[in-house]
Amino acid sequence: MKPTHPALPIPRMAALARHAAPHILEATLIPLGLFYGGLHLLGLWGALLAALIWSYTSLLRRLVTRRRVPGMLVLGIVGLTARTGLALVTGSAFLYFLQPMLGTGLIASVFIGSVLLGRPLALRLAVDFLPLPEALLANDLVRRFFQRISLLWAAVFLVNAGLSMWLLVSQSLATFLWTRTVASLVLTGGAVAVSTWAFRRCVKVAHQPT
């Protein structure tokens, strides 16, 4: 029996970038710009609140208009909420650098929780970058793939958080900053490569006649 869904043409990177750009702008670049602008005008607390208010406003606007909430926006809100809450409560410089690690660990727990709930977050993120046909998303093989990939990303975030914690308590601030950045890029880049390869293989298998 042939699959009921049509073959999925995976677009070029330029097409993926155009599709993902609005989500990246909304969930990452605008909050980052608000943070740095607020830092100069309002101080640290004003900067944190400005970025957080933008993210929650974006979420509320989508909920009110019944538009789909991008996975990137969900991750951004989770991370910003954790960092802002801890910063406002403590004001500690050490805990300020600790915040991204706590946010990373929280994001890992969100990935794990999404798998336990049967709604893998990796699937929502994939839709942010690639418009996938509903028939393909209903395929059991594809849904199991996104569950496994969600667990992969949970592991990546946990390793990232653990390594960052070790660097923070054992290295100088300068070493911590550049080493953590490089390690995060390597881990994330490797996970992206594995996810992309595995997704292409999964789509190929899903389209084979049964």
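**Exercise 1. Surface and overall fold**

What does the accessible surface of the protein come to, and what share of it belongs to carbon and sulfur atoms? Then describe the fold of this predicted model.

*Solution.* Start with the area: the accessible surface comes to about 12000 Å². Carbon and sulfur atoms hold 71% of that surface. Next, look at the secondary structure, where you will find 8 helices and 0 strands. Read along the sequence, the pattern is therefore α-α-α-α-α-α-α-α. Now turn to burial: 38% of the 210 residues count as buried. Finally, take the contacts with a separation of 6 or more; residues 24 or more positions apart account for 73% of them.

**Exercise 2. A nonpolar patch**

Find which residues make the nonpolar surface patch of about 380 Å², and decide whether leucine 49 is buried, partly exposed or exposed.

*Solution.* The patch is made by Trp45, Leu49, Ile53 and Leu88. Sorting its members by helix, you will see that α2, residues 43-64, gives the most, with 3 residues. Leucine 49 lies in that helix, α2. For its exposure, recall that buried means under 20% relative accessible area and exposed over 50%. Leucine 49 has 35% relative accessibility, so it counts as partly exposed.

**Exercise 3. Checking helix α3**

Compare the expected span of helix α3 (residues 71-90) with the distance between its end C-alpha atoms, then list its buried residues.

*Solution.* The expected span is 1.5 Å times one less than the number of residues. With 20 residues, α3 should therefore span 28 Å. Its end C-alpha atoms are 29 Å apart, which agrees. The buried residues of α3 are Gly71, Met72, Leu73, Leu75, Gly76, Ile77, Val78, Gly79, Leu80, Thr84 and Ala87. Just past the helix, α3 is followed by glycine 91, with a positive phi near 70°.

**Exercise 4. The nonpolar cores**

Which residues of the largest nonpolar core touch the most other members, and which helix gives the most to this core?

*Solution.* A general tendency helps first: in soluble globular proteins, nonpolar side chains tend to be buried together. Here, the largest nonpolar core has 28 residues, and Phe111, Leu132, Phe145, Phe146 and Trp153 touch the most other members. At least two residues of this core come from each of α3, α4 (93-116), α5 (121-129), α6 (134-137), α7 (140-170) and α8 (173-206). The helix that gives the most is α7, with 8 residues. Apart from this core lies another, of 7 residues, among them Phe35, Ala47, Leu52 and Leu80.

Conventions. Residues are numbered from 1 along each chain as its sequence is written. This is a predicted model: local features need pLDDT of at least 70, side-chain atom pairs count only at pLDDT 80 or more; totals for chains, interfaces and linings use all residues. Side-chain values use heavy atoms; hydrogens and water are left out. Patches are made of residues with over 30% relative accessible area and no salt bridge: like charges are joined within 9 Å, nonpolar side chains (Val, Leu, Ile, Met, Phe, Trp, Tyr) within 5 Å. Accessible areas come from the Shrake-Rupley method with a 1.4 Å probe; for residues, only the protein chains shown count as cover. A salt bridge is a side-chain nitrogen of Lys or Arg within 4 Å of a carboxyl oxygen of Asp or Glu. Helices (H or I, at least four residues) and strands (E, at least two) are DSSP runs, numbered from the N terminus. Buried means under 20% relative accessible area, exposed over 50%, partly exposed in between (1.4 Å probe, protein chains only). A nonpolar core is a set of buried Ala, Val, Leu, Ile, Met, Phe, Trp, Tyr and Cys residues joined through side-chain atoms within 4.5 Å. Contact means heavy atoms within 4.5 Å.
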